[in-house]
Amino acid sequence: AMFCYGRDARHLVQAALGTYALLFAVRHRGLCLGLCWAFNVTYLFVGYYWTCSAESYNINWTTAYCVMFLRLLGLCFDVSDGRRRPDSLDKDQKLTALTGGLPGLLPFLGFTFHFGGLLVGPQYPFARYSALASNTLLPKGTPSPTAAEVLRCAGAGVVYLAISQVAPMLIDPTEKLSSKFLASHGFLENVFWVTVATRIFVYKYLAVWKLGEGPNVLSGLGYNGVDPTTGRPRWDGVTNVHCLRFDFALSLDDVIQNFNINTNGWVRSYVFKRLRFLGNKAVSQLCALLFLAAWHGFFLGYFLCFFTEFVDMQLLYALQSWTGPYVSRLYASPSPPVPTLVARGVFSLISMLATVVVLSYGSIAFVMQTWSASARVYSAMYWWGHVMVFAGLALH
């Protein structure tokens with residue numbers, strides 16, 4: 001953190017110590033949790049206000065702090081859950097609740113500043129870190145991760161890093177999203193090139209997540225039980241992206257399950273599930289996505305992106321209810337005839353291409369960040385994605 005941000009790294013220390021002080025001093029469960037949320041949200045938002053430019057996102061100390069933000073709030077929830085009755089916790093909460101009370105300052109700082117997740121993630125609960133530190137995460141006799149396991153992560157990271165650096169030299173994504181380029185090309189060409197440009201943008205995330213996964217595998221933090229098929233240890237416990245499953249996803253559900261896995265899991269556990277009192281799953285999902293948008297920053301593009309994801313998911317659920325019986329029939333036979341195999345292949349190909357195009361369309365606002373820049377690109381494509389999804393929902 002000091003190497004990346006210099007003296008600004010002090011903000012990470014201040015936020016961590018401030019959170020710990022609240023957890024230590026305030027014993028009332030609800031009040032403590034509320035104060036910890038208020039403190040960290042205020043610190044993050046003030047940081048965004050003072051450091052972010054009006055036109056683009058800047059990499060600075062808030063980049064690392066937004067990752068730490070989730071880790072600190074997750075710990076606050078776990079401490080709070082540890083003060084609740086066990087029968088009031090769900091299955092996931094029982095696994096992460098800190099029934100032993102607030103950890104000591106040294107374990108807290110070790111968790112908060114652990115090298116495996118400080119700068120770019122992934123997210124993991126204190127319970128996993130503590131189990132690793134106390135030598136109980138891995139059963140006795142578990143062999144150490146092999147060099148092949150670590151190199152597999154590093155290799156994938158290097159490949160996607162190379163793509164994210166070389167591809168813009170061949171296909172400039174900034175040019176493809178410019179007003180001049182979009183105005184000089186037709187609708188289908190714009191859809192194609194915008195899809196390519198946003199895909200190039202996403203690959204840098206895959207690169208840093210896979211590169212960051214290697215140290216967690218090597219340290220043992222990624223231990224995830226034993227593969228029942230091979231009998232060998234699995235080391236994907238903190239994997240943040242399954243690259244090939246993401247690249248060849250057949251639905252937005254597949255994307256969510258394989259991209260930014262641990263952040264999505266954090267939001268599901270600490271935001272979405274805790275909004276059950278709203279009594280409406282769709283409203284809870286929208287609130288969780290708006291939380292993610294605000295967590296990324298103040299740019300309206302983030303809110304437009306996550307709102308687009310929300311309405312896309314609602315249309316996906318509607319389409320699945322319409323097509324479910326036909327798809328089930330298509331995949332019912334374990335030994336289908338050749339025409340059915342061909343139909344499966346065609347269906348999978350169409351689903352994959354549709355997922356890539358729809359995901360890239362929604363990502364435009366995330367990439368462009370500001371409302372004016374996002375609207376310019378969407379207008380060049382006649383807002384086709386929004387028109388399609390709202391028309392589909394209206395017909396449902």
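1. Rings of Phe, Tyr and Trp, the last taken by its six-membered ring, pair if their centres lie within 6.5 Å. In this predicted model, ring pairs link Phe201, Tyr205, Trp209, Phe246, Phe259, Phe299, Tyr302, Phe306 and Phe366 into a cluster.

2. The count under this rule is 35 aromatic pairs. One of them joins Trp61 and Tyr65 in a tilted arrangement, with 6.1 Å from centre to centre and 40° between the planes. Both residues belong to helix α4 (residues 61–82), where they stand four residues apart, about one turn of the helix.

3. As to solvent exposure, Trp61 has a relative accessibility of 5% and therefore counts as buried. Tyr65 is likewise assigned as buried, because its relative accessible area is 0%.

4. A further pair, Trp266 with Phe291, is stacked: the centres are 5.9 Å apart and the planes enclose 15°. This contact links distant parts of the chain, as Trp266 lies in helix α14 (residues 261–272) and Phe291 in helix α15 (residues 281–296), 25 residues apart.

5. The threshold for a buried residue is a relative accessible area under 20%. Trp266, at 5%, is therefore buried. Phe291 has a relative accessibility of 14%, so this residue also counts as buried.

6. Arg71 should be examined together with two aromatic rings. Its charged end sits over the ring of Phe111, 5.7 Å from the ring centre. Arg71 also lies over the face of Tyr124, with a distance of 4.8 Å to the centre of that ring.

Conventions:
Residues are numbered from 1 along each chain as its sequence is written. This is a predicted model: local features need pLDDT of at least 70, side-chain atom pairs count only at pLDDT 80 or more; totals for chains, interfaces and linings use all residues. Side-chain values use heavy atoms; hydrogens and water are left out. Rings of Phe, Tyr and Trp (its six-membered ring) pair if their centres lie within 6.5 Å; planes under 30 degrees apart count as stacked, over 60 as edge-to-face and the rest as tilted. Helices (H or I, at least four residues) and strands (E, at least two) are DSSP runs, numbered from the N terminus. Buried means under 20% relative accessible area, exposed over 50%, partly exposed in between (1.4 Å probe, protein chains only). A charge sits over a ring if NZ of Lys or CZ of Arg is within 6 Å of the ring centre and within 35 degrees of the ring normal.
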